[in-house]
Amino acid sequence: MPVRPPLRLAAFVMDTVSHIQHGLWRHPEARQHEFDDVRMWIDLAKTLERGRFDTLFFADVVGLYGPADGDYTVNAREGLQVPNADPSILAAALATHTEHLGLAFTSSVLQAHPFEFARRVSTLDHLSRGRIGWNIVTSALDGAARNFGHDRLEEHDERYAWAQEYVDVVAKLWEGSWDDDAFRADKAAGVVSDASGIHRIDHVGQRYRVAGPHLSKPSPQRTPVLFQAGSSPAGRAFAARNAEAQFILTSTREKTAELIASTRADVAAAGRLPEDLLFFLGLTFVIGSTEEEARRRSAEIDELLSPDGFLLHSNLGYDPETGAALDPDTPLSQVKTQLGQSHLQWLREASPDREPTIRDLAGLSAKLRARVVGTPEQIADELEQWQDIGVDGINVMNWWLPGSYEEFVDHVVPTLQDRGLVQREYAEGTLRRKLFGHDQLPDRHPARRWRRAFS
């Protein structure tokens, strides 16, 4: 029997009170309302490293859910991703308390100029000795666009064109601005850096003019590990060119296998190897020593779920032009949105028996946080089945912090390790080396074309 490759494990969190399982912050053991206490995050990071998780992955938003001019009573009451804090700063703190755990964070092309962002990421990659990942997003909130001086979001596909230029700019800085040996620190010769190995990029594009050179010397990875989550046609095309890891939500196993196979074909068509893109499936877990105990705990969780929170988080229950609430009986097939189109498709697939409506949104959104309920052995069985259809890793979503991950590490990880499903020890080196066996992007990645392009 062939040896299974290890399933990769990511912990999906956000530096806020109510990230993705709305209402669960009220659980007696939940500490996510302490999101601004770095000690909780340090404890969590150490737990994940003990459990040999590959990555602590931070989601982020830079605007409120709902209409841009709308009331935010529900946002405030539910703690629905407000207040929140900057995950890149938290990653810097956690880098000093961990040795192997990857630290990936979300940053939208809206929120930071690419020159500033490139320097910040290089700094983090140096601080962490090469353990940084970047989740590339285009933002899906009109309120976020307004926060950064725009009247509204641009068209969905145009946002991906924007993201491509953004990625090109930062890649020019990370990959092409400094030669490997330009930084010398030669005390005898009195030379810190060799100017002949440092290059301006002189980027002039539709949105950005960036002269350079990059102000950071090359970090261990140069370019961080590149994550992406969109599965719309434009999102998949963007992932095929750029991403090294893609987050997906659950549909049926058949549809998930089709999505993975189709996207891998797109990766190959872009001149890369199909295995250059890893797929992380988002799942939640309710663990019990017996199946009966797990089901009882699952029912207790249901009592705390917030329908208002899930409905608002869907961001689909209103007319994007007027901000008015849609008729609850509006079929989702008739919803027009410039938001997360892959998310809308996943919601429709979560109701295969009939066309869902706005009235169904809260329940369907909760359903997308696919729940695996059972003993550690039953959970391992389920994960083997997902791996068999092409899933490379699991994006473990929590019910509450830090307990959900403590339970998973203490009770599920040993079973997974016994079956050879997850690693017992970390490989040495950078996050990219741990995932792919090399520190920097391979030459077949489009960003590598900027190496020595400015000599």
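The legends below describe three close-up views of a predicted model.

**View 1. The second largest cavity and its lining.** A search of the whole structure finds 6 cavities of 30 Å³ or more. The second largest cavity has a volume of about 80 Å³. Its lining includes Val13, Met14, Thr16, Val17, Ser18, His19, Ile20 and Gln21. Gln32, Asn398, Trp399 and Leu401 also line this cavity. By class, 6 of the lining residues are nonpolar and 6 are polar, with no charged residues.

**View 2. Strand E12 and its pairing with strand E11.** Strand E12 covers residues 371-374. Val372 and Gly374 form the covered face of E12, whereas Arg371 and Val373 form the uncovered one. Strand E11, residues 278-287, runs parallel to E12, and 4 bridges join the two. Isoleucine 287 has glycine 374 of E12 as its bridge partner. Glycine 374 also belongs to the covered face of the strand.

**View 3. Helix H7 and the elements around it.** Helix H7 spans residues 233-242, and 7 of its 10 residues are buried, so the helix is largely enclosed by the rest of the structure. The buried residues are Ala234, Gly235, Arg236, Phe238, Ala239, Ala240 and Asn242. Three strands appear in the view: E4 (132-137), E9 (225-228) and E10 (245-248) are among the elements against which the buried residues of H7 pack. Helices H6 (156-176) and H8 (253-269) also pack against these buried residues.

Key: Residues are numbered from 1 along each chain as its sequence is written. This is a predicted model: local features need pLDDT of at least 70, side-chain atom pairs count only at pLDDT 80 or more; totals for chains, interfaces and linings use all residues. Side-chain values use heavy atoms; hydrogens and water are left out. On a 1 Å grid over the protein atoms alone, a cavity is a set of points where a 1.4 Å probe fits but cannot get out, and a pocket is an open set with protein on both sides within 12 Å along at least five of seven lines; lining residues have an atom within 4 Å of a point. Grid points are joined across faces, edges and corners, and a volume is the space filled by probe spheres set on the points. Ala, Val, Leu, Ile, Met, Phe, Trp, Tyr, Cys and Pro count as nonpolar, Asp, Glu, Lys and Arg as charged, and the others, Gly among them, as polar. Buried means under 20% relative accessible area, exposed over 50%, partly exposed in between (1.4 Å probe, protein chains only). Two strands pair if DSSP finds at least two bridges between them. Contact means heavy atoms within 4.5 Å.
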